[in-house]
Amino acid sequence: MEGSSLDRITVDPAVCQGQPTIRGMRITVSVVLRMLAGGASVAEVLEAYPELEEKDVRQAMRYAAWTASDERRPANG
């Protein structure tokens, strides 16, 4: 189950205006994904945010894949 779990991704209206974050810290999933999309390696993300673990970064990528998958459909179609 650990491979498909998203237990490190949290959404709390009181933290970062409800954006998905990593383990409730004020590091948003989108910040991690933008770094990766910009060419940063996982190691570079971890260097920039030492409080993160590799599992956090991998789970952020899995979360992004899940939000883009067929499992989530827009309400209008």
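Reader: Let's start with C16: is C16 buried or exposed?
Author: Keep in mind that this is a predicted model. C16 sits in the loop between β1 (9-10) and β2 (21-22). Its relative accessibility is 18%, and the cut-off for buried is under 20%, so C16 counts as buried.

Reader: Which residues does C16 touch, leaving out those up to four places away in sequence?
Author: One good hint is R26, 10 residues from C16 in sequence and 6.3 Å from C16 in space, C-alpha to C-alpha. With residues up to four places away left out, the list for C16 is T21, R26 and T28.

Reader: Q17 is in that loop too, so is Q17 buried or exposed?
Author: Yes, Q17 lies in the loop between β1 and β2. Its phi is near 55°, a positive value in a residue other than glycine. The relative accessibility of Q17 is 75%, and over 50% is what it takes to be exposed. That is why Q17 counts as exposed.

Reader: And where is R23, which has a positive phi although it is not a glycine?
Author: The phi of R23 is about 45°. With a relative accessibility of 34%, R23 counts as partly exposed. As for its place, look in the loop between β2 and α1.

Reader: Stepping back, in what order do the elements run from the N terminus on?
Author: The protein has three helices and two strands. Reading from the N terminus on, the order is β-β-α-α-α.

Reader: How much of the protein counts as buried?
Author: Buried means under 20% relative accessible area, and C16 meets that at 18%. Taking the 77 residues of the protein, the share that counts as buried is 27%.

Reader: Which elements give two or more residues to the largest nonpolar core?
Author: That core has 13 residues, and those with the most contacts inside it include I22, V29, V32 and L36. The elements giving two or more residues to this core are α1 (29-37), α2 (42-48) and α3 (54-68).

Reader: What does V29 touch, not counting residues up to four places away in sequence?
Author: V29 is one of the residues with the most contacts inside the largest nonpolar core. In α1, V29 is also among the residues that meet α3. Beyond four places in sequence, V29 touches I9, P20, T21, I22, A60 and Y63.

Reader: How do the axes of α1 and α3 lie to each other?
Author: The two axes come within 10 Å and cross at roughly 95°. Crossing angles of 65 to 115 degrees count as roughly perpendicular, so α1 is roughly perpendicular to α3.

Reader: How do the residues of the contact of α1 with α3 divide into nonpolar, polar and charged?
Author: On the α1 side you'll find V29, V32, L33 and L36, and these meet V57, A60, M61, Y63 and A64 in α3. Sorted by kind, the residues of this contact come out as nine nonpolar, no polar and no charged.

Reader: Which residues form the one aromatic pair found in the whole structure?
Author: A search of the whole structure turns up one aromatic pair. This pair is tilted, at 5.9 Å centre to centre with 40° between the planes. Both partners lie in helix α3, three residues apart, about one turn of the helix. They are Y63 and W66.

Reader: Is W66 buried, exposed or partly exposed?
Author: Its partner Y63 has a relative accessible area of 15%, so Y63 is buried. W66 has a relative accessible area of 29%, and therefore W66 is partly exposed.

Methods: Residues numbered from 1 in each chain as written. Predicted model: local features only at pLDDT ≥ 70, side-chain atom pairs only at ≥ 80, totals over all residues. Heavy atoms only, no water. Core = buried A, V, L, I, M, F, W, Y, C linked by side-chain atoms within 4.5 Å. Buried < 20%, exposed > 50% of the residue type's maximum accessible area, 1.4 Å probe, protein only. Helix = DSSP H or I, 4+ residues; strand = E, 2+ residues; numbered from the N terminus. Contact = heavy atoms within 4.5 Å. Phe/Tyr/Trp six-rings, centres within 6.5 Å; stacked < 30°, edge-to-face > 60°. Axes fitted to C-alpha atoms, helices over the stretch in contact; angles between N-to-C directions. Parallel < 35°, antiparallel > 145°, perpendicular 65-115°, else oblique. Nonpolar A, V, L, I, M, F, W, Y, C, P; charged D, E, K, R; others polar.
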